[in-house]
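Work through these exercises with the structure open beside you. Try each task before you read its solution.

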Amino acid sequence: MAQHQTSRRSLLTAALAAPVAAVGVPLVTAAPAAAAEPTDGCQTVVAWTDITPDPSVTPEAGSPFQARVIRLAGTEFLQLRGVLTCPTPLTADQVIGTLPPSIRPPKTTRGTATRNNHDGINAIRVEAQTTGLIKVFGPTSANSATWIQLDSFSSVMR
C-alpha cells in the first residue's frame with residue numbers, strides 16, 4: 001500500500017483558505033482584534049522619576065538616578081537607571097537611595113546591577129524595599145564598590 005504524504009505548502013494553503021470559506025474574508029486582510037495592551041505590548045505606568053540619593057553615593061552628571069514602572073504583558077516591572085560613584089568606597093551592605101512614594105513596591109524586589117570589577121566580581125545585588133529604601137548587598141572591606149551602574153536593573157514588582 002502506498003503512503004500518502006501531505007506537503008507543508010498544501011497545509012498552509014488550506015489554513016489560509018479556511019477563513020475565506022468560513023466567513024468570506026481572507027485571513028491576511030481581516031482586521032486585527034482589539035488589544036488591551038498597546039501594539040508594542042509595553043506601557044509606562046509611572047514615568048522616569050528622580051530617586052533621592054543617600055549621602056554615601058553621588059549620581060554622575062548626565063546620568064540621573066531614576067526609577068520607573070512599566071507593564072509588559074500584564075506584569076509590572078520596576079526599572080532603575082543611573083550611574084552612582086562612591087566618594088568613600090562601599091565596604092558593607094548600604095542604602096543608596098529612597099524611591100518616591102509613587103514608586104514603592106508592594107513587596108521587596110531584587111535584581112542585580114553592574115559595579116566596578118574587583119577580583120572578578122562585577123555585579124552587586126540591589127533590593128528595593130516596601131519602605132522605598134534601595135539597598136545594595138555584597139561589598140566588603142576586601143572587595144569595595146567604587147561605582148554602580150543601575151541601567152540593567154529590572155525586577156518584577158507585581
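## Exercise 1: Leu78 and the core

Task: list what Leu78 touches beyond its sequence neighbours, then place Leu78 in the nonpolar core.

Solution. Step 1: set aside residues up to four places away in sequence; Leu78 then touches Ala67, Arg68, Leu99, Ile103, Thr109, Ala128, Phe153, Ser154, Ser155 and Met157. Contact means heavy atoms within 4.5 Å.

The model is predicted: local features need pLDDT of at least 70, side-chain atom pairs count only at pLDDT 80 or more, and totals for chains, interfaces and linings use all residues. Residues are numbered from 1 along each chain as its sequence is written, and side-chain values use heavy atoms, with hydrogens and water left out.

Step 2: turn to the core. A nonpolar core is a set of buried Ala, Val, Leu, Ile, Met, Phe, Trp, Tyr and Cys residues joined through side-chain atoms within 4.5 Å. Buried means under 20% relative accessible area (1.4 Å probe, protein chains only), exposed over 50%, and partly exposed in between. The largest core has 25 residues. Leu78, Leu80, Ile96, Leu99, Val126, Ile134 and Leu150 touch the most other members.

Step 3: find the contributors. Strands 4 (66–72), 5, 6 (83–90), 9 (121–128), 10 (133–137) and 11 (145–149) each give two or more residues to this core. Strands (E, at least two residues) are DSSP runs, numbered from the N terminus.

## Exercise 2: The open sheet

Task: which strands form the open sheet, and in what order?

Solution. Step 1: read the order. Four strands line up as 1-4-5-12, with antiparallel pairing. Two strands pair if DSSP finds at least two bridges between them.

Step 2: find the edges. Strand 1 (42–50) and strand 12 (154–156) each have a single partner strand, so one side of each is left without a neighbour in the sheet.

Step 3: go through the pairs.

- Strands 1 and 4 share six bridges; Val46 stands opposite Val69.
- Strands 4 and 5 share seven bridges; Ala67 stands opposite Leu80.
- Strand 5 (residues 75–81) and strand 12 share three bridges; Phe77 has Val156 as its bridge partner.

Step 4: check the turn. The hairpin of strands 4 and 5 has two residues between the strands, and Ala73 takes a positive phi near 55° there.

## Exercise 3: A loop residue

Task: is Ser144 buried or exposed?

Solution. Step 1: locate Ser144 in the loop between strand 10 and strand 11. Step 2: apply the cut-off. Ser144 has a relative accessible area of 18%, so Ser144 is buried. Step 3: list its contacts. Leaving aside neighbours within four places in sequence, Ser144 is in contact with Pro89, Leu90, Thr91, Arg115 and Asn116.
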